[in-house]
Amino acid sequence: MPLRVAVIIGSTREGRVGERIAHWFTERASARKDLRLRVVDLIDFDFPAHYPDRATTSMRKFTNLIAEAEAYVVVTPEYNRSYPASLKQAIDFAYDEWQAKPVAFVSYGHGSCGLHAVEHLRSVFTELHTVTLRNGVAINLLDEPLTGRDRSIALMLDQLGWWGTALRAARTARPYVS
């Protein structure tokens, strides 16, 4: 059974390039028969400005998508040496839904390739009891076209598939307790 992977577009800014990068990534990743990709674009959710007492319809829709996924690829820019607030807000709407699942990163930025954002996200996802992958895809928007990364994508997806399948079996054999 293919691994259900949510590809999360983390930026909601006007003029963002995250949608283009996510499309480029999913075009390449969709050739894999062991993965079933679903793009989850944060711009499609009407999240509240403040954390409410009760979950809104958009919050429930998002957390249901996170719960259904067995693995994640977070497409994130680097803003001010970190990841966007829109992504943090969405991550915080779920908790148990993330647990015991792998997270990989496709990052982009000017010069640093978004790697500062990834390092911050690793600590957040560790707190949520996920397994973050060492290998990812990093894009420098200053001077690199979106070509020549097929090997990086393949390696990351091989690892995501391994962890996702192993953790799916582990969750089935014994529920995860946090």
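**Figure 1. Charges and overall form of the predicted model.** In this predicted model, the protein carries 22 positive and 20 negative charges, and the mean positions of the two groups are 5 Å apart. The accessible surface comes to about 9,400 Å², with 51% of that area belonging to carbon and sulfur atoms. Along the principal axes, the C-alpha trace spans about 45 × 40 × 25 Å. The radius of gyration is 15 Å, which agrees with the value near 16 Å for a compact globule of 178 residues. Buried residues make up 49% of the 178 residues.

**Figure 2. The order of helices and strands.** Here is the chain as a series of elements: 5 helices and 6 strands in total. Read along the sequence, they follow the pattern β-α-β-α-β-α-β-α-β-β-α. Contacts across the sequence are part of this picture too: of the contacts with a separation of 6 or more, 81% are between residues 24 or more positions apart.

**Figure 3. An edge-to-face pair between Tyr72 and Trp98.** The structure holds 9 aromatic pairs, and this view takes one of them, Tyr72 with Trp98. The ring centres are 4.7 Å apart and the planes meet at 65 degrees; edge-to-face requires over 60 degrees, so the pair of Tyr72 and Trp98 is edge-to-face. The pair links distant parts of the chain, with the two residues 26 residues apart: Tyr72 belongs to strand β3 (residues 71-77), while Trp98 sits in the loop between α3 (85-93) and β4 (102-109). Are the two partners buried or exposed? Tyr72 counts as buried, at 0% relative accessibility. Trp98 is buried as well, with a relative accessible area of 1%.

**Figure 4. An aromatic cluster, and Asp46 in a loop.** Five aromatic residues form one cluster: Phe45, Phe47, Tyr51, Phe62 and Phe93. Asp46 lies in the loop between β2 (35-41) and α2 (57-68). With 63% relative accessibility, Asp46 counts as exposed. A handy distance for this view is the one from Asp46 to Met59: the two are 13 residues apart along the chain, and their C-alpha atoms are separated by 8.2 Å.

**Figure 5. Arg54 and its distance to Glu119.** Arg54 is found in the loop between β2 and α2. Its relative accessible area is 71%, so Arg54 is exposed. Which distance separates Arg54 from Glu119 in space? From C-alpha to C-alpha, Arg54 and Glu119 are 31 Å apart, with their positions 65 residues apart in sequence.

**Figure 6. Two residues with positive phi.** Asn80 is not a glycine, yet its phi is positive, near 50 degrees. The residue is placed in the loop between β3 and α3. Asn80 has a relative accessible area of 75% and is therefore exposed. Ala100 also has a positive phi, of about 60 degrees, although it is not a glycine. This alanine lies in the loop between α3 and β4. Are the surroundings of Ala100 such that it is buried or exposed? Ala100 is buried, since its relative accessible area is 8%, and buried means under 20%.

**Figure 7. Ala170 of helix α5, viewed together with Ala100.** Ala170 lies in helix α5 (residues 150-173). This residue is partly exposed, with a relative accessible area of 39%. In sequence, Ala170 and Ala100 are 70 residues apart; in space, their C-alpha to C-alpha distance is 8.7 Å. For anyone comparing the two ends of that distance, Ala170 is partly exposed, whereas Ala100 is buried.

**Figure 8. Val118 and the residues it touches.** Val118 lies in helix α4 (residues 115-127). At 4% relative accessibility, Val118 counts as buried. Which residues does Val118 touch, not counting residues up to four places away in sequence? They are Thr76, Phe105 and Ser107. Leu65 gives a second reference point: it is 53 residues from Val118 along the chain, and the C-alpha atoms of Val118 and Leu65 are separated by 22 Å.

Conventions. Residues are numbered from 1 along each chain as its sequence is written. This is a predicted model: local features need pLDDT of at least 70, side-chain atom pairs count only at pLDDT 80 or more; totals for chains, interfaces and linings use all residues. Side-chain values use heavy atoms; hydrogens and water are left out. Helices (H or I, at least four residues) and strands (E, at least two) are DSSP runs, numbered from the N terminus. The radius of gyration is taken over C-alpha atoms; the globule rule is 2.2 Å times the number of residues to the power 0.38. Buried means under 20% relative accessible area, exposed over 50%, partly exposed in between (1.4 Å probe, protein chains only). Contact means heavy atoms within 4.5 Å. Accessible areas come from the Shrake-Rupley method with a 1.4 Å probe; for residues, only the protein chains shown count as cover. Lys and Arg count as positive and Asp and Glu as negative; His and the chain ends are not counted. The place of a charge is taken as NZ of Lys, CZ of Arg, CG of Asp or CD of Glu. Rings of Phe, Tyr and Trp (its six-membered ring) pair if their centres lie within 6.5 Å; planes under 30 degrees apart count as stacked, over 60 as edge-to-face and the rest as tilted.
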